[in-house]
Amino acid sequence: MLKQLNSSITLRRPDAIVFDTDNTLYEYEPANAKAEKAVEVKAQNLLGIDPDLYHATYQKSKKEIKSQLGATASSHSRLLYFQRLLELLGFKAQLMTALDLEQTFWRTFLANAPLLTGVRELLDDLRFHNIPIAIVTDLTSHIQMRKLTYFHLEETFDAFVTSEEVGADKPDQRNFELVLKKLGLNKTHNVWMVGDNPATDIVGGKSINAVTFQRLQMEFEQGDGNCKPDFIFNHFKDLHECVLNLFESSET
Amino acid sequence: MNTWNQLISIFTTRIEEKRLMYELHNSWLFRFGIITRLLFIILCIPLLQKIWFIQFITTSLQPISFNPWTAHLVSGGEGMAFPYGYTMYLAYLPLTALGLGIDQLLDISYFSKIGFGLTSLFFDYGILISIALLARKYSTKLLLVAYWCSPIVLYIFYWHGQLDALPICLLVWGIVQLQRERSRIAGLLFGMAISAKLSMLAAIPFIIIYLYRNRRLRKQLRFLLSTTLITVSISVLPFLKSSSFVSMVLQTPETERIFNVFMPYGGDLKLFLLPLAYILTLYLVWRLERITLDLFLMTVGLGFFAFLLLLPPAPGWFLWVIPFLVLYQLRYQDEYLITTLPFFSLYIIYNLMYSTGADIHLIDQTTSEPFANYIGLNNIKLKSVLFTGLQATGLLICVRMYLFGISRNNYYRGFKRKLGIGIAGNIANDENKSIVSIEKIFGSDAISFLNLADYDKWDKHHPMRSSKNLLNPNSYNLSRLSGDVFTLAEGKPIWQTKFSEKKNKHLRKINSNDLILVTGLHSLYIKRLRDRMDLKIFVEVDETLKNYFNPKLDNSTYQLIDWTSDKERTQYDKFVSTQIKFADLIFRLSPINSLSLKDGIKNKRLPKLKLEVEMVNGFFHEELVHSLIGLCGMHVDVQQSSLLENVFLSIEGDITSEDIEQIANLLIPNLEDLAIGHPEWETGYKGLMQLITMVHISDLLHRGRVDNYA
Ligand SMILES: [Mg+2]
């Protein structure tokens, strides 16, 4: 069910819809857990590290990289985490191993990250009705492009913005302004923002006066206060239905 | 936790298998299953175990006796108490004896039963792991729901109290070993399974047929059967003189049950249905064109099902089909519940009503008698109706399993004859190895290798032989080569004359296998031979790499054809390059950066290479390119010919064998039906060539033709 939280909004045919990627178009956590496990198994195979030590060191390296880089795209870089992990474990610059672990991570990740049901149908219909669609996502461009290619969505979107391009993660307003610019739109247009994270996607969407939609799932609570989305939904087919209704009413 | 990890490492070698094992063990469903089992063991005592099995083992220990059956009968025990062989006795002995020791210290009788129950739990867990290893790729949740949390399994082992966990665990574990081509260990396990419970013999004919019909596995048959025979002999023969063993294990009413179900044929004549159905099932399996592992597993399940359907109901025997049913479910996820739920529910209802159960410790009242006795529902008509329902739903599952198995088995049936593959190009291949490494997927035994070098008109030491002649097709006896190919294609072996180092002639036999692989400079040169090749591959390695493709360097077993003069160059263009136009699939290897070559020679390291692939359009390249870019982060440049007939891929980047394996699983449907137990995927450009060749071959085997644009 698509549920309206902000009663002051009447939905009209959108001028564009902007999507987050991770955990919005597919479930992030199951894939991430499987990928981290595969890396752990591989690291144990390659380097013979004790599992407890591995876990502790991995958490530490993640923390270090994150605090070193702040809210930027590369602060999510698995390659940097694994490189630091190897350094912390005293392996010096084992570049091949770091690359190998990164590739193991993403290979397992993608193999276990099916696109959510209803996403492709929704996107196809939006394209069919000439609604521009765009991506605004954190993380580095290369891996996000790989993901979309893997999903066979590489030619689907009209604009694509990553936080690497902007220099700062969402909710930094520049991400959202850049996507508007790429779409040739401005804040006065009727833009929708669809995401999973209230603190980044919803807040950012609001910064460009977008109508905000939160996909409810396990990881984040429904947003509140200035993070409160205008609409919430569980399944893409609900959003799809709503869009189809708008198309019908605008045609008649 | 660390020992746990080490334990898991023994079972599995691959990262993905290991990861699935961790996932399995860390699931709450796994913990739920363990806790439920432990509660049953702590709180309940199945009647069968109390009056028969535990009694039997404790009697044999007081005093300790080498022949427990005699000891049992001498002490006045029941003849039905332990219809199992020595393996079963030995397996249950240690923990039960330990429990008995504790019991005697405390003067109670509780821990012998706990020891006995824990032994069952151990083999029960063994079945779970074996199923996981057999399935290789599976949903851990589905496996845990279908087996580990299955009410039927819990009922049979911990309420009704049957001992089928051990023989089934040994049987399934044996099949795992068989799949890994460890035939002696498999034989040992099968022998132990039979000696634990004689009825496991029923599985052996299926195993023999499976091995015999798969040429690749046929030679394992001998090792397997001999170890099985030896194991059975050692554990059975010494007891054949003991009349108590013979009467309790071999001549049981259980054995008599085979003849219980029959059709009267007038007068005293009877038609026994079980042997009839069993032989029919065997024949159906024998008649299959080819038997994949999946179908084999399903047929063993079906063979066991024949027993279930045509024997008077015996609750424990239902466990025999469970592992095979679970494997069927893991492969074929839809509709499973709809088909199996009625069967499972009827099974539980029927057996709770009419079979013995367990007593619960905290309750004074006995709960172990069939429930029908308590509620006074011993209506024979109701019992028959339930029984009919049970048999009917069982039959339904059989039909579904058979149909699914057959359709799945038929996936690679498009090709009825021997598959011919010709590889030409500027590399001289080694014997029994090809530049596209398909032997590492199919296994060398599935391929008949023919190498052009063996058809040299002049032997190595002949003065007529020089490097110039290598490039000239007239230096080779091509008509004998094509003759040999056609002989092999007809299924007959050929004999090749070989010269050893000391110029001694000797004959070598080459068997006719499913794939005939012809490699060498001119393998696509003459039309007759070329036309017989179902897949024609041309491999061209950039001549600047000639110093790297040299057997003297460790990283290559391939030698590049080397030419120095212009005349040789002309000969190459005239005789070898011309074959490109006949090829279905062309690989070209060149260095990404020719400047790196000089430095590379010093380090004897292959420089970074670029693989160019040319193949027919509209087949699978889009999926391949998506996987290469998405999954592996490779750099791929795609171009299409002007008429869109051909597609050219240029691939750069590092790719591991694990990447290749994952893409192979995406691109090649039912790959496990083609490959040996543990196919070896290569790394880098070799892996890519291997993968792309394999996709072509699998398509040929599925559809039975290749889109040739030559
Ligand atoms: Mg997100």
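Reader: How many of the 252 residues of chain A count as buried, and what makes a residue buried?

Author: In this predicted model, 57% of the 252 residues of chain A count as buried. A residue earns that word when its relative accessible area is under 20%.

Reader: Why is C227(A) called buried?

Author: C227(A) has a relative accessible area of 17%. The cut-off is under 20%, so C227(A) is buried.

Reader: And what makes C169(B) buried or exposed?

Author: Here the relative accessible area is 10%. That value for C169(B) is also under 20%, so C169(B) counts as buried.

Reader: How do you know that C169(B) is too far from the closest cysteine sulfur for a bond?

Author: The closest cysteine sulfur to that of C169(B) is in C149(B), 18 Å away. A disulfide needs the two sulfur atoms within 2.5 Å, so this pair does not make one. A search of the whole structure, over all chains, finds zero disulfides.

Reader: Back to chain A, then: what does its secondary structure come to?

Author: Chain A has ten helices and seven strands.

Reader: Why is chain A called as compact as a globular protein of that length?

Author: Its radius of gyration is 20 Å, and the globule rule gives 18 Å for 252 residues. The two values are close, so chain A is as compact as a globular protein of that length. Along the principal axes, its C-alpha atoms fill a box of roughly 65 × 30 × 30 Å.

Reader: Which share of the contacts in chain A with a separation of 6 or more comes from residues 24 or more positions apart?

Author: Such residues account for 66% of those contacts.

Notes
Residues are numbered from 1 along each chain as its sequence is written. Chains are lettered from A and ligands numbered from 1 in the order in which they are written. This is a predicted model: local features need pLDDT of at least 70, side-chain atom pairs count only at pLDDT 80 or more; totals for chains, interfaces and linings use all residues. Side-chain values use heavy atoms; hydrogens and water are left out. Helices (H or I, at least four residues) and strands (E, at least two) are DSSP runs, numbered from the N terminus. The radius of gyration is taken over C-alpha atoms; the globule rule is 2.2 Å times the number of residues to the power 0.38. Buried means under 20% relative accessible area, exposed over 50%, partly exposed in between (1.4 Å probe, protein chains only). Contact means heavy atoms within 4.5 Å.
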